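Student: I am new to this structure and would like a close look at a single part. Could you walk me through one helix?

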Amino acid sequence: MKTEPIPKGYEPGAVEKKWYEYWEKNNLFKAKSRSDESPFCIVIPPPNVTGTLHMGHALNNTLQDVLCRYKRMKAYNVLWQPGTDHAGIATQNVVEKDLAAQGTDRHAVGREKFIELVWEWREKYGGLIINQLKRLGCSCDWSRERFTMDEGLSKAVREVFVCLYEEGLIYRGDYIINWCPRCQTALADLEVEHHDTDSFFYYIRYPFEHGEGHLIVATTRPETLLGDTAVAVNPEDKRYRDLSGKNVLLPVLNKPIPIIFDKYVDMEFGTGALKITPAHDANDFEIGNIHQLERIKVIDERGIMNDLAGPYKGMDRFECRDKILEDLKRDGMLERIESYQHAVGHCYRCKTMIEPLLSKQWFVKVAPLAGAASRAVKEGKTKIFPANWEGVYFEWMNNIRDWCVSRQIWWGHRIPAWYCQECGEVQVAREAPESCKECQCERLVQETDVLDTWFSSALWPFSTIGWPDSTDELKTFYPTSVLITGFDILFFWVARMMMMGIHFMGDVPFKHVYIHALVRDAEGKKMSKSKGNVIDPLEVIDKFGTDAFRFTLVALAAQGRDVKLSEERIIGYRHFVNKIWNAARLVLMNLEDQESLEEGERVFTLADRWILTRLGQVSEDISRAIENYRFNDAAGLCYQFIWHEFCDWYLEMAKEGLYGDDKVFKKSSQATVQEVLIGVLKLLHPFMPFVTEEIWQKLPATEGSIMVARFPEAAEFMRDEAALKDMELAVGLISVIRNIRGEMNIPPSKKVNIVIDVADEEEADVLHNNLAHIRNLAKVTDVLIASGVPKPEASATAVFGQNQVHVLLKGLLDFEEERNRLRKGIKRLEKDIDVAKKKLANEGFLIKAPAEIVSEVREKVQTLSHKMEKLKQNLSFFETIND
């Protein structure tokens with residue numbers, strides 16, 4: 001029989017490495033392409049190939065692993081599809097920095113060589129985050145690892161692009177795009193970060209072309225007036241009704257531009273007169289289309305004023321702003337300047353202020369795709385958890401703009417379009433054409449732009465499992481079961497996967513979407529290097545072990561609530577790991593002489609019947625919580641059951657049988673503690689994979705890995721409602737005696753005598769039958785159980801259920817000494833409360849101190865006041881006792 005010795009302390013480092021290698025070697029993460037088992041599939045949100053493990057990754061992947069390990073134990077055919085994203089701009093920036101350090105750049109080395117260097121960088125560093133995910137215990141099927149630019153995914157990307165183009169859903173046209181002058185690329189709306197910025201409103205005079213007077217136009221960007229082609233007013237604005245058909249002169253350039261009427265203009269904003277610059281503002285672009293206005297582009301892709309900027313040609317856009325303001329002031333055209341705060345768009349990568357520019361770009365026409373994606377959620381084909389995110393999803397879908405998918409960088413999926421150098425014909429094709437289909441010219445040049453990184457990511461749920469080919473994996477695992485992701489990419493990624501999945505697969509890409517919150521610091525602040533509050537997951541793992549870290553994340557992952565993480569929390573759950581380890585040591589040491597039970601020989605104590613019933617109940621509750629993505633509830637149920645019920649109560653009571661002389665009683669106790677420990681390990685495994693595997697392998701009667709053991713179900717265990725009731729009675733009595741001991745300051749070394757006043761005969765029998773446990777766990781010597789007994793003199797009383805227990809204090813305590821101790825304690829507390837109340841009465845403290853500090857002081861007053869009330873009650877009690 002296998003009963004391996006178990007070391008005194010649990011050291012996670014070596015254990016984690018050993019078992020992860022064992023799982024991989026034995027192919028325990030591998031999914032079956034075809035199976036009679038029900039499929040369960042999750043696609044990993046592919047981390048950037050440039051990435052290293054941060055707290056967001058740790059939470060996201062821990063939750064996925066919990067689900068995958070749980071479903072394997074529920075006999076599902078589980079595929080956790082891993083992979084990484086090529087991260088276009090991010091990866092190119094990293095390699096460009098390397099080149100800059102060598103005194104060169106991508107233009108000097110050329111496109112082909114640069115792409116080669118990026119692939120080399122990816123081979124060298126791209127596996128870093130994968131190895132870090134393995135340290136976290138992630139049970140992905142690594143044999144199926146994909147990369148968004150591998151051969152299969154590149155084929156899928158090209159197929160989707162060509163299909164959408166052939167369907168008229170991809171087009172090339174003029175559009176106002178978000179342009180980053182630093183990264184030299186277009187950004188999708190969602191890649192623009194808006195920061196509240198202190199700026200100014202400049203009120204500029206636009207003189208009428210004929211006659212006296214002027215319009216005053218307010219703008220935050222005077223440098224763009226060089227591209228103005230109209231001034232718009234609202235047709236319902238009484239101030240401007242007589243201006244129909246009139247022109248104003250563009251300041252500085254003295255060029256006439258028309259006054260137009262458009263309901264878009266907000267009469268209450270600024271002066272109610274709006275300068276229209278169709279080539280440099282998205283809203284102006286739309287107004288310009290309606291009124292057929294000229295588009296004049298005065299700022300180039302580097303943020304420099306171009307030829308059409310007249311005397312400001314060659315200036316940086318911000319330099320031009322200063323010069324044009326100087327000229328307007330000189331000419332008497334600058335009416336006034338007002339301070340103004342507004343949200344300004346910045347590049348999400350390099351933080352440069354973006355420039356809205358008119359540009360030829362490739363776009364996906366998303367409105368036809370968005371309708372089906374919205375309906376799928378409305379009809380419940382895909383459910384979002386928590387449900388409040390559905391409203392945000394619909395709002396975005398209903399206001400969606402065409403998606404700019406071209407990027408002016410080199411690293412990424414090059415757009416499969418070719419331009420004929422003879423006739424200008426554009427050909428979009430799956431393979432490079434040999435000649436122009438219109439003029440047969442062979443001088444074709446491929447589009448230099450690459451696709452937005454999110455384009456390939458949008459195909460992730462079906463491209464990673466074989467599409468466009470018809471594979472067994474696609475038939476088995478699509479649609480996938482659930483996507484777990486952060487709210488920050490609900491639009492970047494989730495919505496686009498919905499659109500592409502439905503369009504190309506005819507079905508949603510996942511049945512459920514679980515949106516988890518952010519991991520913040522202990523104060524609820526966002527982690528950032530500048531604040532110095534970043535917690536490194538790998539450092540935490542090295543210090544406390546993976547299991548404690550994982551369990552902390554899960555225990556704090558309540559739906560819709562940010563995770564407030566601190567080292568203290570992790571230390572607390574490291575203690576939990578130690579508690580489990582010590583409980584396992586106790587059980588294993590008592591199984592060394594285990595003998596088999598004959599059929600029908602096993603007996604069950606009240607504690608046995610209670611713990612087995614509770615194990616069945618808790619198994620059911622944990623399953624329900626995991627299935628409903630209430631991860632923190634599942635972890636809480638595990639913690640409560642294992643620490644308090646199994647360790648604190650059951651194992652203590654089981655010692656009577658384990659250490660006793662009755663052979664049948666001992667064998668029965670050994671069988672039950674083993675059965676319960678096995679159940680406990682199974683419940684814990686999805687959350688704490690390493691320590692559970694280590695203990696599992698040391699237990700007798702276990703085979704193979706715990707990973708493939710069946711998750712406990714209520715039907716496997718006895719259900720004894722009477723045992724629950726009886727145990728509640730016994731535990732209630734022991735608990736109130738312990739409370740009295742603590743409140744009355746009775747030393748742990750001293751045993752007490754008690755009188756129990758029990759109203760019900762059956763309950764009296766239960767207590768009689770469990771006197772050994774009551775004496776042992778409450779440190780009791782003499783026990784009297786009777787009905788209607790008067791309260792003994794000098795006794796402390798507590799109620800449990802419908803009964804009372806009296807703890808006899810005479811001879812245990814020096815009552816006068818206790819009275820003095822309590823009086824001193826009350827004085828100390830009064831002083832502390834007085835100091836805290838004075839702080840709260842100080843207006844300066846309330847104004848200057850941070851809100852959390854003020855809250856802490858208020859809580860302190862409440863806690864100290866409650867404590868003082870208890871001491872006063874105890875003092876009052878002791879003052880009634882005669883010495």
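Which residues in H17 meet which residues in H22?

Tutor: Happy to help! This is a predicted model, where local features need pLDDT of at least 70, side-chain atom pairs count only at pLDDT 80 or more, and totals for chains, interfaces and linings use all residues. Residues are numbered from 1 along each chain as its sequence is written, and side-chain values use heavy atoms, with hydrogens and water left out.

On the H17 side, Thr 546, Asp 547 and Arg 550 meet Pro 689, Phe 690 and Val 691 of H22; contact means heavy atoms within 4.5 Å. Sorted by class, this contact has 3 nonpolar, 1 polar and 2 charged residues (Ala, Val, Leu, Ile, Met, Phe, Trp, Tyr, Cys and Pro count as nonpolar, Asp, Glu, Lys and Arg as charged, and the others, Gly among them, as polar).

Helix H17 covers residues 546–556 and helix H22 residues 689–696; helices are DSSP runs of H or I with at least four residues, numbered from the N terminus. Their axes come within 7 Å and cross at roughly 130 degrees. Axes are lines fitted to C-alpha atoms over the stretch in contact, and angles run from 0 to 180 degrees between N-to-C directions.

Leu 556 also belongs to H17. Leu 556 is buried, with a relative accessible area of 12% (buried means under 20%, with a 1.4 Å probe and protein chains only). Apart from neighbours within four places in sequence, Leu 556 is in contact with Val 563, Lys 564, Leu 565 and Arg 569. The C-alpha atoms of Leu 556 and Arg 569 are separated by 9.4 Å, and the two residues are 13 residues apart along the chain.

Note on methods. Helices (H or I, at least four residues) and strands (E, at least two) are DSSP runs, numbered from the N terminus. Buried means under 20% relative accessible area, exposed over 50%, partly exposed in between (1.4 Å probe, protein chains only).
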